[in-house]
Amino acid sequence: QNWTTIRDPDGSASDLMHIIRLPMMERWVAPQAHIGIGHDNSKPSSRQQTHRSVTRQQDLVGAVIECDDVVDELYVQIKQDLIALVHEDAENGQQAFDLIQIAKYYERIGDHATNLVEMYQFLQNHKLKLSPKAIEECKEMFDLVISAVAKSVQALEDEDPKIAQEVLDLEDRIDYMEKTLRARHIARLNAGGCTPDAGVIFIDI
């Protein structure tokens, strides 16, 4: 029996991703399937484009917060289910603990997504903007982080040590990038290319 399975009371094995990933991802993706702006053949005016952009951003903000709430509920549910399995068979203890830790990591990703939304709202409420270069750097880091998360899930599902090592390598790149971007930001701040208030948000991101 490998570490990604846990015994049910009847002796069968339940896949880790059936316990954790699938219900989380299905509940996460479903609300976002309805997010979007209608398209038509007419060319919208500048005011209409701005209104649509703002509306879409508000929809996305609401979707992220809603999804985070769902993930929080799923984490509690998963934890309760795994604890119940341990009570039925103590031999499941170590594996259940590992699965609870993995579910907690998923839950923390949801928390971080909400933190990013809150930073976006702060920028909007205080009419602050990141510099074009700062936005470009954030996008570059986002791409690396998203790739690391996707690969970590794949490594877990496939029990692939090669992909797991790729995740560790990406983490090293992201850590180095964080230090580099912090130094670049300080240089931009000293050169007047960024406001202190927006700079604080950039560092947090």
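This is a short guided tour of one protein model, stop by stop.

The model is predicted, so local features need pLDDT of at least 70 and side-chain atom pairs count only at pLDDT 80 or more, while totals for chains, interfaces and linings use all residues. Residues are numbered from 1 along each chain as its sequence is written, and side-chain values use heavy atoms, with hydrogens and water left out.

Begin with the whole protein in cartoon view, where there are seven helices and two strands, helices being DSSP runs of H or I with at least four residues and strands runs of E with at least two, numbered from the N terminus. From the N terminus on, the order is β-β-α-α-α-α-α-α-α.

Next, select helix α7, residues 196-204, in which A198, G199, I201 and F202 are buried (under 20% relative accessible area, with exposed over 50% and partly exposed in between, using a 1.4 Å probe and protein chains only). These residues lie on the same side of α7, because they cover an arc of only 160° around the axis, taken from the directions from the helix axis to the C-beta atoms. Add α4, α5 (132-158) and α6 (161-190) to the selection, since the buried residues of α7 pack against them.

Now stay with helix α4 (residues 93-125) and pick I109, which is partly exposed, with a relative accessible area of 37%.

Finally, select C67, which counts as buried at 1% relative accessibility, and then C138, also buried, at 8%. A search of the whole structure finds zero disulfides, a disulfide being a pair of cysteine sulfur atoms within 2.5 Å.

Note on methods:
Contact means heavy atoms within 4.5 Å.
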